[in-house]
Amino acid sequence: MTLIRFFFTRPLNVLCAALSLAVLALMNLPAQAQDARTITHELGETKITGKPVRIVALEFSFVQALDSLGITPVGITDDNQPDRIEQNLGKKIEYSSVGTRLEPNLELISALQPDLIIADERRHGAIYEQLSAIAPTIVLNSWDGTYKDIKDAVVTIADAVGDKAKGEKVVADHDARIAAIAAKIPADNNRKFMLAVATADNWSLHTSDSFSGSIFAAIGVETAINADKPVESGVGLERLVAVNPDVLLVATDPGGTIFNRVQDNSAWKAIAAVKNNLVFEVNRNQYARFRDLRTAELIANDVLTKVFNAQ
């Protein structure tokens, strides 16, 4: 009776205003409910509401994933080398450095007042709680990630920023470009490939479980070491000789590495890739550090053009 009396005793303009407010309230409730989502990641689940805009990325692959979604992070662990970010994206962007990937500066991160932090499981798992106290944090697998992990991360990041469909399209478009490259690789190829990172004193051999190894698989070539761990780190020349790859991609940094010192070594010259002139020096950032979709396309294209002399 009270509600009926309200409607019959109020002027029409008041009733219209009240009804409008009620409709708006009802419309807003489901929108808010849909806007809140739970993102599953390597260390659990994180609830995110709305579309984060102040994002801190603690790995290079996350920076490229965000760029593919049209987003520039406010903070990046750039290893205090901003030229790496420009090399990674192929352009300059404005951001604040928050230290190195190995040791992010929590004070600098907090000062940026982020609404989302994207961290790597291996590097940042131990500080997950501290990062989560600053802002909602999702933890993904970049350091040890396979090609599939990296693609999955793009979709997860897109979901976290409120546009999962765009992330799925980015990956689908990328897959189409990789498939086009794979279609040009000779079906009868039986050569075994390897990415070896050359440091000042030793080698790190990337296996079938590595990012590069899983890219090789995606385009239909075989990795020389089939293993369930991504990298054999700190090995000597004798191990590389024992593996004896048919195609060898040597990732180096400027300034000289062990690669420069083995050229006249008889054991080095006995490697199949060396004997057949199928050793290619490549940039370590692009082949081993960035680990993103742009890198995957670069590696696939390099294999096609350098090894198979195709376009």
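Select asparagine 277 first: this residue is exposed, with a relative accessible area of 66% (exposed means over 50%, buried under 20% and partly exposed in between, with a 1.4 Å probe and protein chains only). Asparagine 277 sits in the loop between α14 (272-275) and β13 (279-283). Helices and strands here are DSSP runs, helices being H or I of at least four residues and strands E of at least two, numbered from the N terminus. Add leucine 248 to the selection: its C-alpha atom lies 9.5 Å from that of asparagine 277, and the two residues are 29 residues apart along the chain.

This is a predicted model, in which local features need pLDDT of at least 70 and side-chain atom pairs count only at pLDDT 80 or more, while totals for chains, interfaces and linings use all residues. Residues are numbered from 1 along each chain as its sequence is written, and side-chain values use heavy atoms, with hydrogens and water left out.

Now show the whole chain and colour by pLDDT, the predictor's confidence in each residue, from 0 to 100. The average is 91, and 89% of the residues score at least 70. Select residues 14-19, where pLDDT stays under 50 and the model has four contacts beyond four places in sequence; contact means heavy atoms within 4.5 Å. Then take residues 21-26: pLDDT stays under 50 there too, with zero contacts beyond four places in sequence.

With the whole chain still in view, the secondary structure comes to 16 helices and 13 strands. Of the 311 residues, 47% are buried. Among contacts with a separation of 6 or more, 61% are between residues 24 or more positions apart.

Go next to helix α3 (residues 60-68), which is mostly covered, with seven of its nine residues buried. To show these buried residues, pick Phe60, Ser61, Phe62, Val63, Gln64, Ala65 and Leu66. Just after α3, stop at glycine 70, which has a positive phi of about 80°.

Most residues other than glycine have a negative phi. Two asparagines are worth selecting with that in mind. Asparagine 80 has a positive phi, near 60°, and lies in the loop between β4 (75-76) and α4 (82-89). Asparagine 80 is exposed, at a relative accessible area of 54%. Asparagine 309, in the segment after α16 (293-307), has a positive phi near 50°. Asparagine 309 is exposed, at 65% relative accessible area.

Which loop holds threonine 146? Look between β7 (137-140) and α8 (147-160). Is threonine 146 buried or exposed? Threonine 146 is buried, with a relative accessible area of 15%. Leaving aside neighbours within four places in sequence, the contacts of threonine 146 are Asp209, Ser210, Phe211 and Ser214.

Finish with α8 and helix α9 (residues 164-182), which pack at an angle of about 150° with their axes 6 Å apart. Axes are lines fitted to C-alpha atoms, for helices over the stretch in contact, and angles run from 0 to 180 degrees between N-to-C directions. The angle makes α8 roughly antiparallel to α9 (over 145 degrees; under 35 is roughly parallel, 65 to 115 roughly perpendicular and the rest oblique). On the α8 side of the contact, select Tyr147, Lys151, Val154, Val155, Ala158 and Asp159. On the α9 side, select Lys164, Gly167, Glu168, Val170, Val171, His174, Asp175 and Ile178. These residues divide into seven nonpolar, two polar and five charged, where Ala, Val, Leu, Ile, Met, Phe, Trp, Tyr, Cys and Pro count as nonpolar, Asp, Glu, Lys and Arg as charged, and the others, Gly among them, as polar.
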